[in-house]
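Grab the model and work through the exercises below. Try each task before you read its solution.

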Amino acid sequence: MIGRFARRILNAPTYARTSHAFFSIVAHSTPRRLWNLALVEAEFRLRRTRVSGKPYVLVVDPTNVCNLRCPLCPTGLMQRGRKAEMISWDTYTRTIDAAAPWAYKVNLFNWGEPLLHTHLFEMIRYASDRNLGTSLSSNMSIPIPDERIDELIGSGLEYLCLSIDGATQEAYAKYRRRGDLELVLSNVRRIVARRAELRSRTPVLEWQFIPMKHNEHEIDAARKLAREIGVDVFRCIPVGLPFDSVDAETLAERWFPVSARDGVEMSTNDQAQSSCYFLYRYLVVNPDGKTSPCCVVSGEKNDFGDLKSEDLPSLWNNAMYRSGRALYRRGGKVDKATVCERCDLFAKRSSRPGAAAEVKAPQWVPVSVSREPARQPVPHDTP
C-alpha cells in the first residue's frame, strides 16, 4: 500500500523528475504534509469544489521585471497587465508563513528574472529555514559578483534551472533578446567551480533548452557544452504560446521546431486528459500579493484572490477558486466567471460538456521529460 502511494506521488506532474521528487518527499515531509498531500490528491480525483486540503506547491514570483525581451512572453512584450514591482518582504513572509505547514516546496520565479531582486537569497533562506524545498529559474544573463555566487550556494537553494536556448550567440539571442551567451556561460562555470570548492551538492543545476525552428540544430552542441561545463541535467522542454494568443497559428509557424532529433523524446502540447490540477496543488502568488489560478495566465484581470486581505483557508475556497473547480465537476455550480472558462489545457470539463476547445494544432516538440502542458513565458517547468 505504501509502495503504491509512493508511486502515485512520484508520478504526479509536480514530481515528474523521480530523483528530485524522492529527495523532496524525504527531506521535507512531516506527518501533516503527507496527510495533506494525500487529501489534496483525493479531492482532486473526486473533483471537489470546496476543499479541505491546502496547496502543496508554492509559486511565489519575486518580481515581474526582466532584463530580457523574449518575444513569446508577456513580460518581454511589456504586456504584463500588472504593475511592475518587486515583492515586499512582508508580502513574501506572510505567504510563506501561511502555506509552509502544508507545502513541500516554493518555486521562486514566474514572470520575471528573480536575480534582479536584491533580497532573493534572504527569501530562499527564509523558506529553507521552514523546511521548504526551493527552486529557482534564471536566464543568468546578468553580472553576478563572486559574493553573490557564494550567497546563492549558501542560501540553501536546492534546484537552479538555467534557461539557455542555444550554443551560439546568434541562435541564443534570437529568442533571448538582449541576452549575452558568453556572460551566461561564464556565470554557470563560476557557479559549478565554486560549488565544487565549497563541496556543496546544491543547487542541482539544470540546463533547460527550448527547441525552436531557429535553434533545434544546436541541441546536440548545447548538450555537449552542458556536459563539459559540469551542469547536472540537460533537458529540452516544449515551446509554448502566450495564453489567449490571437495569432497562435502565425506564432507557431514562426517559432515551432520542424524536425525531430535522434535521441530526443517527442511529446505534444495536446490537451491533458484530466481535470485541472493547478486549482488543487498550486498556490500562485504575484509580487503584489494577489493570486492567479495557475502559472499559465498573467495580468491582474485574471486574479483569483489577494493574500493581503484574505487568509489562506478563506482564499482557497473563495468563489473564484470554487467556480474554477466547478467547471470540472458534473453539475458543479459556477458562481463567478473566471479565466478558466477560456482555458483549453485540460480536456475533462464535466459540468460544461464541450466547453473546452481543442488545441488549435498538434504541436510536436522535442522533450526529455514533460508531463504538464507547456506554459509561457516561463518555459522552465520545475521539479
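A salt bridge here is a side-chain nitrogen of Lys or Arg within 4 Å of a carboxyl oxygen of Asp or Glu. This is a predicted model, so to speak of local features we need pLDDT of at least 70, side-chain atom pairs count only at pLDDT 80 or more, and totals for chains, interfaces and linings use all residues. Residues are numbered from 1 along each chain as its sequence is written, and side-chain values use heavy atoms, with hydrogens and water left out.

**Exercise 1. Salt bridges**

Task: find how many salt bridges the whole structure has, then work out which parts Arg130 and Arg194 tie together.

Solution.
- Step 1: a search over the whole structure turns up 17 salt bridges.
- Step 2: take Arg130, whose side chain meets that of Asp97 at 3.5 Å, N to O. Arg130 sits in the loop between H5 and S3 while Asp97 is in helix H4, so this pair links parts 33 residues apart in sequence. (Helices, H or I with at least four residues, and strands, E with at least two, are DSSP runs numbered from the N terminus.)
- Step 3: check the accessibility of both partners. Buried means under 20% relative accessible area, exposed over 50%, and partly exposed in between, with a 1.4 Å probe and protein chains only. Arg130 comes out partly exposed at 32%, and Asp97 is partly exposed at 41%.
- Step 4: move to Arg194, which has a salt bridge to Asp150 at 2.6 Å, N to O. Arg194 belongs to helix H8 (residues 181-197) and Asp150 to helix H6, so the pair joins parts 44 residues apart in sequence.
- Step 5: Arg194 also has a salt bridge to Glu197, at 2.9 Å, N to O. Both of these residues lie in helix H8, three residues apart, about one turn of the helix. Glu197 counts as exposed at 56%, whereas Arg194 is partly exposed at 27%.

**Exercise 2. A charged residue without a partner**

Task: which side chain of opposite charge is nearest to buried Arg325, and how far away is it?

Solution.
- Step 1: place the residue. Arg325 is in helix H13 (residues 319-326).
- Step 2: sort the charges. Lys and Arg count as positive, Asp and Glu as negative, and His and the chain ends are not counted.
- Step 3: look for the partner. The nearest side chain of opposite charge is Glu43, 7.5 Å away, and Arg325 has no salt bridge although it is buried.
- Step 4: list what Arg325 does touch, where contact means heavy atoms within 4.5 Å. Beyond its neighbours within four places in sequence, its contacts include Arg48, Leu279, Tyr280 and Trp316.

**Exercise 3. The sheet**

Task: trace the order of the nine strands in the open sheet and explain why S6 and S10 each have a side without a neighbour.

Solution.
- Step 1: fix the pairing rule: two strands pair if DSSP finds at least two bridges between them.
- Step 2: read off the order, S6-S5-S4-S3-S2-S1-S8-S9-S10, with mixed pairing. S6 (233-236) and S10 (305-306) are the edge strands with a single partner strand each, so one side of each has no neighbour in the sheet.
- Step 3: zoom in on two pairs. S5 (residues 204-209) and S6 run parallel and are joined by four bridges, with Phe209 partnered by Cys236 in S6. S2 and S3 also run parallel, with three bridges, and Asn107 has Ser135 in S3 as its bridge partner.
- Step 4: check the cover on S3. Gly133, Ser135 and Ser137 are buried on one side, and Thr134, Leu136 and Ser138 are buried on the other.

**Exercise 4. Cysteines**

Task: how many disulfides does the structure hold, and are Cys70 and Cys295 buried or exposed?

Solution.
- Step 1: apply the cut-off, a pair of cysteine sulfur atoms within 2.5 Å. The structure holds zero disulfides.
- Step 2: check the distances. For Cys70, the nearest cysteine sulfur is that of Cys66, 6.1 Å away; for Cys295, the nearest is that of Cys294, 6.0 Å away.
- Step 3: check accessibility. Cys70 is buried at 8%, and Cys295 is buried at 5%.

Terms used:
Contact = heavy atoms within 4.5 Å.
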